[in-house]
Amino acid sequence: MKKLLTGVGAAAAGLFLCAQLASADTLPVYDISEWQSQKTEQQFKNVKSEVSGLIIRQQYGSNYIDKYAAYNTTMADKVGIPYGQYAYARFVSADDARQEAKDFYNRSDKNAKFYVLDFEENTVKYGTTQAAVQAWLDEMKSLTNKHVVFYSYRNFADFYVGQSLINKFDGYWLAAYQGAWPNPRNYDMWQNKDNQSSVAFATSLDSSLVDTNRKSVSWWFGSEAKTQNKKLNSDSRKQGFNVGQTVILKQSATKWYQPRVNIASYAKGQTYTIKDTQDLVLSKSNQAVLLYKGNVPMGWALAQDVQLTSSSTANQTSKTYTVKFGDSWWAIANRYGISMYTLASLNGNSIYSTIYPGQILKVSGSATTSSKVYYTVRKGDTVSKIASEYSVSVSQIKNLSGLKNVNYIWAGQSLRVK
């Protein structure tokens, strides 16, 4: 059963269609697949004011079509959300890559603005990886005049593909879950979050930002896309709120940030809990905060429109939870309204670390400052992926672990990450 918005959230959701977004809004890009479950037409209408556009998965290799690929593109077309589509690569050779490209194009919705090769796992067994990626690109270029984009993690892409081949694509979409724009800035879109809260979709999902210094939002999604055109800055605009804080919505507040509609008078002066934050530049704010009333999402408010309650300082002190039988990182994190990656980081672990009944975990406060934190490599791991999970740099893991080459790690290896 779908989770419905009530109270302030319901009133706001009903007005999504008439919302008018300011040109300075910094809007994310969501990528969606069957993992987010099937959303209703109304939810697609609602999410239209949250995003610049969507990127929809079509297939996982040639042998698996995303369960909701056709439905998601149909809904996006129906409500007027621009989108691109992506194919997760599973090809084992250059010939196989060409076939995957053909299947992807033939299955895709021709209203898609661009096409993406999602290459984050090297499955090539015959010939070179570069030859296979080149074959996929050549085939797609022969089938369409639309933009063809490459997606991956930097270290993985640099090792298996190389920047010269990546540059042959029309665009580069980089995955790097961290707090600041990754350097060097040689990519056109940055997947910066894997737990972006969507009020409209009532879930958390992967989210990206367009680097408008390199390519405009309209390059990706056409003239109908919502605009994202201002860089973050460090001026006197309001910011600095954290997940878990209790705040009051000011009487002077006029509009929600998302959905961009008027705030009802009865919603003002009430206390809310912050469940997520995002950086932006709008009016007098450098931040937006996602407000919840109990377990109900109410909407995103600008930082200038909220203030801490007197109890917020107490809320910042560290809280703990005793693990029970059957618990998981996800279940505990969901209970406290944080991501499982944040929860693991607070306790000096990753989401792959084992937890056990009776173990005491921190569920709020600052990330652990224990002197040393180690991680045991699992099959399919990369140093870049591990670094993202712990919010540290690749070079830090390399130096602390004494790695000569970050591209050569193996399952069972112990790496020091902090």
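A residue is termed buried when its relative accessible area is under 20%. By that criterion, V383, S384, I386, A387, S388, E389 and Y390 of helix 12 are buried in this predicted model. The briefing below covers helix 12, the pocket that it helps to line, the nonpolar cores, and three individual buried residues.

**Helix 12**

- Helix 12 is largely enclosed by the rest of the structure, because seven of its eight residues are buried.
- Two strands that precede helix 12 in numbering, strand 5 (147-153) and strand 16 (374-376), are among the elements against which its buried residues pack.
- The packing partners of those buried residues also include helix 6, helix 11 (340-346), helix 13 (394-401) and strand 17 (414-416).

**The second largest pocket**

- The second largest pocket holds about 320 Å³ of space.
- Its lining comprises 16 residues, and those nearest the pocket centre are A176, Q178, P182, S384 and V394.
- Two or more lining residues come from each of helix 6 (154-160), strand 6 (171-175) and helix 12 (383-390).
- Helix 12 makes the greatest contribution to this lining, with three residues.
- By character, the lining consists of eight nonpolar residues, seven polar residues and one charged residue.
- S384 belongs to both topics: it is one of the buried residues of helix 12, and it is also among the lining residues nearest the centre of the pocket.

**Nonpolar cores**

- In soluble globular proteins, nonpolar side chains tend to be buried together.
- The largest nonpolar core of this model contains 63 residues, and the members that touch the most others are L54, F91, L117, F119, W136 and F150.
- Helix 5 (residues 129-143) supplies the largest share of this core, namely six residues.
- Another core, of 16 residues, lies apart from the largest one and includes F241, I263, A301 and V306.
- Beyond residues up to four places away in sequence, F150 touches L117, F119, A157, V161, I166, F169, G171, Y172 and W173.

**S152 in strand 5**

- S152 is located in strand 5 and counts as buried because its relative accessibility is 0%.
- Neighbours within four places in sequence aside, the contacts of S152 are F119, E120, A157, W173, L174 and A175.
- The side chain of S152 comes to 2.6 Å from the backbone oxygen of F119.
- S152 and L117 are 35 residues apart along the chain, with their C-alpha atoms separated by 8.6 Å.
- F119 and A157 thus appear in the contact lists of both F150 and S152.

**N347 between helix 11 and strand 15**

- N347 occupies the loop between helix 11 and strand 15 (360-362).
- With a relative accessibility of 18%, N347 falls under the 20% cut-off and therefore counts as buried.
- A polar atom of the N347 side chain lies 2.9 Å from the backbone oxygen of L343.
- A polar atom of the N347 side chain also lies 2.7 Å from the backbone nitrogen of K362.

**V47 in helix 2**

- V47 forms part of helix 2 (residues 41-47) and is buried, with a relative accessible area of 0%.
- Apart from residues up to four places away in sequence, V47 touches Y30, I81, S198, A200 and F201.
- One of these contacts, I81, is 34 residues from V47 in sequence, while the C-alpha to C-alpha distance of the pair is 8.7 Å.

How values were computed:
Residues numbered from 1 in each chain as written. Predicted model: local features only at pLDDT ≥ 70, side-chain atom pairs only at ≥ 80, totals over all residues. Heavy atoms only, no water. Core = buried A, V, L, I, M, F, W, Y, C linked by side-chain atoms within 4.5 Å. Buried < 20%, exposed > 50% of the residue type's maximum accessible area, 1.4 Å probe, protein only. Helix = DSSP H or I, 4+ residues; strand = E, 2+ residues; numbered from the N terminus. Contact = heavy atoms within 4.5 Å. 1 Å grid on protein atoms, 1.4 Å probe; cavity = no way out; pocket = protein on both sides within 12 Å on 5 of 7 lines; lining within 4 Å. Points joined across faces, edges and corners; volume = space filled by probe spheres on them. Nonpolar A, V, L, I, M, F, W, Y, C, P; charged D, E, K, R; others polar. Polar contact = N/O pair within 3.5 Å; in protein donor to acceptor, adjacent residues only side chain to side chain.
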